[in-house]
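Me: Could you take a close look at one part of this protein for me? I'd like to hear about the aromatic residues and what sits around them.

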Amino acid sequence: MNKYDLIVIGAGNVGTFHAYHALSQGKSVLLIDKDSEPIEATVRNFGQVVPSGQALDTWFEYGRESLGIYKKIQAKFDITARQNGTYYFASDDEEMVLLEEAKALFKIREYSSTLLSRKSCYERFPNLNSEYYKGGLFFPDEVSVEPRTMVHRVRQMLIQDFGLVFMNNTAVINCEIKNGICVVSTATNQKIFADKVAICNGHEFKILFPEIFNQSGMKVCKLNMMQTYPLPEVKLNGNILSGLSIRRYDSFKSCNSYQHLQTPEWQKPYKEWGIHILFKQALNGSIIIGDSHEYADVDENAKLPLGIDMNINDLILKEAKRIMALPNWKIQNYWAGYYSQTADGGSYEYQIEDKIFISTGIGGKGMTTAAGYSRKRVEEIF
């Protein structure tokens with residue numbers, strides 16, 4: 001078969017769920033990735049599915065829809081999704097007020113949450129340092145996944161149950177429209193045809209459409225993360241987010257008190273590097289900790305440092321140790337993740353003759369919102 005209803009270029013979360021929704025409509029789909037499997041932002045994150053952190057607009061709704069999609073797939077095929085919920089822990093009175101106001105905003109949206117007293121926080125997480133937290137807010141419906149496993153399991157399910165065709169180690173070097181048909185050319189001189197093409201390969205779409213890319217106004221973000229050795233004696237069920245996360249996440253910016261939030265002097269280096277502290281325990285017992293944010297314009301992404309800045313990692317670990325008491329803090333690996341994002345925190349979309357659809361710049365929202373967002377884009381494609 002050399003012609004498809006849809007060719008999707010890029011097999012990360014956004015591309016994979018474009019394929020999922022098109023296949024669900026009965027379309028024939030080819031999914032292409034330049035590597036043996038996705039190795040960028042899709043697998044270099046926490047694996048936290050947290051609609052509670054999204055802007056309280058369409059992105060929150062995409063996140064809520066994504067939760068339903070993850071759970072629907074998990075019921076039939078193990079993609080490592082587990083409903084352990086999300087916890088935000090306030091470190092001071094200002095953050096606690098934000099949690100109280102956020103609960104009211106989510107109640108309006110009929111999205112379940114529970115305020116936690118200091119005692120309840122300790123009962124659920126004895127490893128929390130008691131001097132850190134004032135209280136918490138719990139979202140029971142939210143999900144954790146294994147980021148380096150989930151997207152591959154979804155793809156496997158689509159191949160097995162829906163007839164997805166997957167081509168890996170395939171670099172696409174050209175995508176054009178000829179006589180009303182999309183023609184995709186690979187580096188091995190293969191030509192593949194489709195009625196429609198979805199470009200979902202992050203900031204690498206610059207290879208195919210450099211002029212569009214340079215005019216996109218996007219930025220590339222680099223983030224630092226780390227992972228401990230397995231700590232089987234520690235049980236951190238759920239996604240754990242800190243006071244710095246409350247201060248950073250878009251949902252809390254809708255709270256009335258947010259505009260009056262003060263930045264203590266000690267937090268200024270954290271704000272400079274976009275650091276907020278998250279914890280997620282993997283299935284093997286190790287704990288993922290992070291993260292930070294450094295930015296560069298898409299046409300100047302080489303200015304982002306090549307190495308891992310240990311000064312940033314030291315700041316991350318310092319605050320992590322203030323929040324959590326672990327048996328040890330031995331780190332087995334550090335890594336950097338990269339993703340593109342738009343200036344307004346939305347997504348970058350571009351359409352060519354109702355045939356080629358670019359979807360990128362989703363930022364750090366991919367694990368939480370890609371499944372719901374991709375449904376919207378596929379409806380626009382077909």
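Reply: Here is a walk through the aromatic pairs, followed by the charges that sit over rings. Keep in mind that this is a predicted model.

The structure holds 20 aromatic pairs. Take Y87 and F138 to begin with: their ring centres are 4.3 Å apart and the planes meet at 20°, so this pair counts as stacked. Y87 belongs to strand β4 (residues 86-90) and F138 to strand β6 (residues 135-139), so the pair ties together parts that are 51 residues apart in sequence. And are these two buried or exposed? Y87 has 7% relative accessibility, so it counts as buried. F138 is buried too, with a relative accessible area of 11%, and the cut-off for buried is under 20%.

Now look at Y111 and F139. That pair is tilted, with 5.9 Å from centre to centre and 35° between the planes. Y111 lies in the loop between α3 (93-108) and β5 (114-116), while F139 is in strand β6, so here the pair ties together parts that are 28 residues apart in sequence. Both Y111 and F139 are buried. They also belong to an aromatic cluster, together with F60, Y88, F106 and F252.

Rings here have charged company as well. R118 has its charged end over the ring of Y133, 5.2 Å from the ring centre. Over the ring of W335 you'll find the charged end of R148, 4.5 Å from the centre.

One more aromatic to check out is Y132, which is among the residues touched by S242. At 2% relative accessibility, S242 counts as buried.

Technical notes: Residues are numbered from 1 along each chain as its sequence is written. This is a predicted model: local features need pLDDT of at least 70, side-chain atom pairs count only at pLDDT 80 or more; totals for chains, interfaces and linings use all residues. Side-chain values use heavy atoms; hydrogens and water are left out. Buried means under 20% relative accessible area, exposed over 50%, partly exposed in between (1.4 Å probe, protein chains only). Contact means heavy atoms within 4.5 Å. Rings of Phe, Tyr and Trp (its six-membered ring) pair if their centres lie within 6.5 Å; planes under 30 degrees apart count as stacked, over 60 as edge-to-face and the rest as tilted. Helices (H or I, at least four residues) and strands (E, at least two) are DSSP runs, numbered from the N terminus. A charge sits over a ring if NZ of Lys or CZ of Arg is within 6 Å of the ring centre and within 35 degrees of the ring normal. Lists of a residue's contacts leave out its neighbours within four places in sequence.
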